[in-house]
Amino acid sequence: PPRILTLEEPVLHMDHCIAFAVHGNPAPTLHWLHNGQVLRETEIIRMEFYQQGEVSEGCLLFNKPTHYNNGNYTIVATNQLGSANQTIKGHFLEKPFPVVSGLFSFRMQYAPKFLYVDSQAFSFQVSIAVGLAAFACVLLVVLFIMINKYGRRSKFGMKG
């Protein structure tokens, strides 16, 4: 049956690599799980390995991984005689702005002061902005009416 010889934490070479070595005869088929879900290979995540006798050595490669790629990675090796698996934690980046509480809360740990939102202050600011906009509209309408009413008289009573 297959036996996992080594499984190493991610290391940055050209890409990030989770190195592994698996022994088995007949040669086992290999697949990966990410947090218990089957990992599909993409342009960002792919597996490369080579067979040397009864040992398969290779890497699970990550091209510029983000915090979404953090989690537990499990290699599963299976052949006709059985299966083996082993899990390792992969941590690539921290979350950029972890949310502290609430679904619509903008309060973030380590966030600058200007990003904090107080709902009462926000509603007051909105009402001030709406009031100023309404005042400006009324002022423009009055100015337009005055220009149309008194602006038509020619100076000095001349008729043109």
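1. A backbone feature makes a convenient starting point: Lys64 lies in the loop between β7 and β8, the latter spanning residues 71–79. Its phi is near 55°, a positive value in a residue other than glycine. With a relative accessibility of 71%, Lys64 counts as exposed, because the threshold for that class is over 50%. The coordinates come from a predicted model, and the angles and distances in this note should be read with that in mind.

2. Another residue with a backbone of this kind is Asn35, which is not a glycine and yet has a positive phi of about 55°. Asn35 sits in the loop between β4 and β5, where β5 covers residues 37–38. The relative accessibility of Asn35 is 44%, so this residue is classed as partly exposed.

3. A cis peptide bond also deserves a check by eye: the bond from Asn25 to Pro26 is cis, with omega near 5°. Pro26 belongs to the loop between β3 and β4, and β4 runs over residues 29–34.

4. Turning to covalent cross-links, the count comes to 1 disulfide, and it joins Cys17 to Cys59 with an S to S distance of 1.8 Å. The two cysteines come from distant parts of the chain, Cys17 from strand β3 (residues 16–23) and Cys59 from strand β7 (residues 55–62), and they are 42 residues apart. The torsion about the S-S bond of Cys17 and Cys59 is about -65°, which means that the disulfide is left-handed.

5. How buried or exposed are the cysteines, Cys17 to begin with? Cys17 has a relative accessible area of 3% and is therefore buried. Cys59, at 18%, is also buried, since the class takes in values under 20%. Cys137, by contrast, has a relative accessibility of 49% and counts as partly exposed, because exposed requires a value over 50%.

6. Which residues are joined into one network by salt bridges that share partners? The structure holds 2 salt bridges. In one of them the side chains of Arg46 and Asp15 meet, at 3.3 Å from N to O. That pair links distant parts of the chain, with Arg46 in strand β6 (residues 45–52) and Asp15 in the loop between β2 (11–12) and β3, 31 residues apart. The side chain of Arg46 also meets that of Glu48 in a salt bridge, at 3.1 Å from N to O. Glu48 has a relative accessible area of 44% and is partly exposed. The shared partners join Asp15, Arg46 and Glu48 into one network.

7. The burial of the other two members of this network can be stated as well. Arg46 has a relative accessible area of 26%, so this residue is partly exposed. Asp15 has a relative accessibility of 16% and therefore counts as buried.

8. For the aromatic side chains, the count comes to 3 pairs. The rings of Phe20 and Trp32 have centres 5.6 Å apart and planes at 70°, so this pair is edge-to-face, the label given to angles over 60 degrees. The pair links distant parts of the chain, Phe20 in strand β3 and Trp32 in strand β4, 12 residues apart. Both Phe20 and Trp32 are buried.

9. Another aromatic pair is formed by Phe62 and Phe92, whose ring centres lie 4.8 Å apart and whose planes are at 45°, so the pair is tilted. Here too the pair links distant parts of the chain: Phe62 lies in strand β7, while Phe92 lies in the loop between β9 (82–90) and α1 (119–150), 30 residues apart. Phe62 is buried, with a relative accessible area of 0%, and Phe92 is buried at 12%. Ring pairs also bring in Tyr73, linking Phe62, Tyr73 and Phe92 into a cluster.

10. A final point concerns an annotation taken from a record. UniProt, in an unreviewed entry, lists residues 122–147 as "transmembrane region", and such an annotation may be inferred rather than shown by experiment. In the model, the span of residues 122–147 is 100% helix and 0% strand, and its end C-alpha atoms lie 38 Å apart.

How values were computed. Residues are numbered from 1 along each chain as its sequence is written. This is a predicted model: local features need pLDDT of at least 70, side-chain atom pairs count only at pLDDT 80 or more; totals for chains, interfaces and linings use all residues. Side-chain values use heavy atoms; hydrogens and water are left out. A disulfide is a pair of cysteine sulfur atoms within 2.5 Å. Helices (H or I, at least four residues) and strands (E, at least two) are DSSP runs, numbered from the N terminus. Buried means under 20% relative accessible area, exposed over 50%, partly exposed in between (1.4 Å probe, protein chains only). A salt bridge is a side-chain nitrogen of Lys or Arg within 4 Å of a carboxyl oxygen of Asp or Glu. Rings of Phe, Tyr and Trp (its six-membered ring) pair if their centres lie within 6.5 Å; planes under 30 degrees apart count as stacked, over 60 as edge-to-face and the rest as tilted.
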